[in-house]
Amino acid sequence: MKSLTRITTLSLVVVSGMAGAQAVRTEKTLSLELANQIAAASVAACQANGYAVTATVVDRAGIVRAMQRADNAGPHTVGASQQKAYTSASARNNTLAMMEASQKNPGAAYLVHIPGFLLLGGGVPVRAGNEVIGAVGVGGAPGGHLDEQCAVAAIEKVKDQLK
């Protein structure tokens, strides 16, 4: 009987220990330095092509970590870049792909009604391996596909820091 009680007690301790371990998670996140590098690289990539843009970098929860607005970038680019970054971080997807999906799929068309979402090209997730740790949103180039190109170029520039 004592042996059965000990085995039962030991089993409960092991099970409760496992449950506690699953309750705490470790997540990677963007440093402020890396967020600033991505924002600056996004603006620089667009400036090289003659586009005055704003780039916003958010963490995995969609909270702003860094924002840079190029000289002569329109005031509307600030909100657009932030919403694109938020949308991309939240959905863990490129906003250009989401926009195209919403145009082809009537059910996805309702994504535009989610507060803070902006389904225009220019929002790109930032990944460390397979884990989305944030996103960058670019607004102000003459087309969302061009905003996206600048964001992708910026992420490519810092890719060694995302390993």
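Visitor: Among contacts between residues at least 6 apart in sequence, what share joins residues at least 24 apart?
Guide: This is a predicted model. Take the contacts between residues at least 6 apart in sequence. Those that join residues at least 24 apart come to 63%.

Visitor: In what order do the helices and strands run from the N terminus?
Guide: The protein has five helices and four strands. Read from the N terminus, the elements are α-α-β-β-α-α-β-β-α.

Visitor: What is the strand order in the sheet?
Guide: The sheet is open and has four strands. Their pairing is antiparallel. On average, neighbouring strands are turned by 20° against each other, direction ignored. The order is β2-β1-β4-β3.

Visitor: Which strands stand at the edges of the sheet?
Guide: An edge strand here has a single partner strand, so one side of it is left without a neighbour in the sheet. That holds for residues 64-69 and for residues 123-128. The edge strands are β2 and β3.

Visitor: Which residue in β2 stands opposite V58?
Guide: Strand β1 covers residues 54-59. It pairs with β2 in the antiparallel sense, over five bridges. Opposite V58 stands V64.

Visitor: At about what angle does helix α2 run to β2?
Guide: Helix α2 spans residues 32-48. It lies across β1, β2, β3 and β4, the last being residues 131-139. Its angle to β2 is about 30°.

Visitor: Which residues form the aromatic pair?
Guide: A search of the whole structure finds one such pair. Its ring centres are 6.2 Å apart. The planes meet at 75°, and over 60 counts as edge-to-face. The partners are Y86 and F117.

Visitor: How many residues apart are Y86 and F117?
Guide: Y86 sits in helix α3, residues 76-91. F117 is in the loop between α4 (95-104) and β3. The pair thus links distant parts of the chain, 31 residues apart.

Visitor: Is F117 buried or exposed?
Guide: Buried means under 20% relative accessible area. Y86 has 30%, so Y86 is partly exposed. F117 has 11%, so F117 is buried.

Visitor: What percentage of the residues in the protein is buried?
Guide: The cut-off is under 20% relative accessible area. The protein has 163 residues. The buried share is 40%.

Visitor: What part of the exposed area do carbon and sulfur atoms supply?
Guide: The protein exposes about 9,200 Å². Of this area, carbon and sulfur atoms supply 57%.

Key. Residues numbered from 1 in each chain as written. Predicted model: local features only at pLDDT ≥ 70, side-chain atom pairs only at ≥ 80, totals over all residues. Heavy atoms only, no water. Helix = DSSP H or I, 4+ residues; strand = E, 2+ residues; numbered from the N terminus. Buried < 20%, exposed > 50% of the residue type's maximum accessible area, 1.4 Å probe, protein only. Contact = heavy atoms within 4.5 Å. Areas by Shrake-Rupley, 256 points an atom, 1.4 Å probe, with all protein chains shown as cover. Pairing = 2+ DSSP bridges. Axes fitted to C-alpha atoms, helices over the stretch in contact; angles between N-to-C directions. Phe/Tyr/Trp six-rings, centres within 6.5 Å; stacked < 30°, edge-to-face > 60°.
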